[in-house]
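Got your viewer open? Let's take a walk through this one together, one selection at a time.

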Amino acid sequence: MKRSKLLFIFIALVAVPSILASGTGINGKLDEVLANMERAARSIKMIEADLRQEKRDMQIGGKEVYAGKIYFQHAGKDRDKLRINYSVPEGQVVAVVGNEITLYQPRINQVILTTRQAQASKNQEFYFIATPYKSVPELKSQYNIVYAGDEQVGSASTAKLELTPKGASSAKKLTLWVDQSAWLPIKYQVVETNNNVTTFTLSDMKQSAGATEKTFKLNWPPGTKVVRR
């Protein structure tokens, strides 16, 4: 999987809390998790966290690791903002403002411009990007959602949620680990149909933080190659 695709998948996944929080029609512990996530989502304005991104290639072996800082601002439907400043690879930045997605790669002097809808039309797992506020019944029409038990992630006790596509998809399964103190996802995993696994882990998460409107504005130097997708 190309690095840019990994970034777009992560953008898709960070929208999941809003999707799941939009309804609580599932019984048992999952219903409890969704209700708590809904309450937490109502108070979120800005989130800042450290990000670790790891891909394991099951065909050739080995893994690729990326790291950086992520900022997320909840501004309302179709107006949310996200930015990832990567330290590995150094200088790389991905930014999302509303519908627009920008990926800046200084190492190759290139910026990719795309949209949520464009990415959603290519891969079913990008469905979250195009429609981040679908209700649980609508989401269940695309995925089977299961509470898979409690697990420890670092120092956090989490509730594990598994989403399995019902139709054709390049993703075999999506998994979230939800911190049961803050009721926000702190770990995401994508298993592809070829069994490659990509995992995103958030740590040192803060609500509010020092991000401003300027944080989400991405500029690039003159002469940078611009690619539109």
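Which residue in E11 is the bridge partner of Gln 53? Select Gln 53 and look across to E11: the partner is Phe 200. Keep in mind as you click around that this is a predicted model.

**Stop 1: the strands around that pair**
Now widen the selection to residues 46-56, which make up strand E1, and residues 197-207, which make up strand E11. These two run antiparallel, and nine bridges join them.

**Stop 2: the whole sheet**
Zoom out and colour by secondary structure. You'll find six helices and twelve strands in the protein chain. Twelve strands form an open sheet with mixed pairing, and you can trace the order E7-E8-E9-E10-E11-E1-E2-E3-E4-E5-E6-E12. At the edges sit E7 and E12 (225-228), each pairing on one side only. On average, neighbouring strands here are turned by 20° against each other, if you ignore direction.

**Stop 3: from the edge inwards**
Pick E7, residues 143-153, and then E8; the two are antiparallel, with nine bridges between them. To see one opposing pair, select Gln 152 and Ser 157, which stands opposite in E8. E7 and E8 form a hairpin with two residues between them. Click on Gly 154 in that turn: its phi is positive, about 65°.

**Stop 4: along E8**
Stay with E8, residues 156-165, and switch on a surface. Is this strand mostly covered or mostly open? Mostly covered: eight of its ten residues are buried.

Next, add E9, residues 171-179. E8 and E9 pair in the antiparallel sense over six bridges, and the hairpin they form has five residues between the strands. For a pair to click on, try Leu 161, whose bridge partner in E9 is Leu 176.

**Stop 5: one residue in E9**
Select Thr 175, which is found in strand E9. Why does Thr 175 count as buried? Because its relative accessibility is 1%, and the cut-off for buried is under 20%. Now show what is around Thr 175. Leaving aside neighbours within four places in sequence, Thr 175 is in contact with Lys 160, Leu 161 and Glu 162, and also with Lys 187, Tyr 188 and Gln 189.

**Last stop: the full chain**
Select everything. The chain has 229 residues, and 53% of them count as buried. Its accessible surface comes to about 10500 Å², with 49% belonging to carbon and sulfur atoms. Among contacts between residues at least 6 apart in sequence, 48% join residues at least 24 apart.

Conventions:
Residues are numbered from 1 along each chain as its sequence is written. This is a predicted model: local features need pLDDT of at least 70, side-chain atom pairs count only at pLDDT 80 or more; totals for chains, interfaces and linings use all residues. Side-chain values use heavy atoms; hydrogens and water are left out. Buried means under 20% relative accessible area, exposed over 50%, partly exposed in between (1.4 Å probe, protein chains only). Helices (H or I, at least four residues) and strands (E, at least two) are DSSP runs, numbered from the N terminus. Two strands pair if DSSP finds at least two bridges between them. Contact means heavy atoms within 4.5 Å. Accessible areas come from the Shrake-Rupley method with a 1.4 Å probe; for residues, only the protein chains shown count as cover. Axes are lines fitted to C-alpha atoms, for helices over the stretch in contact, and angles run from 0 to 180 degrees between N-to-C directions.
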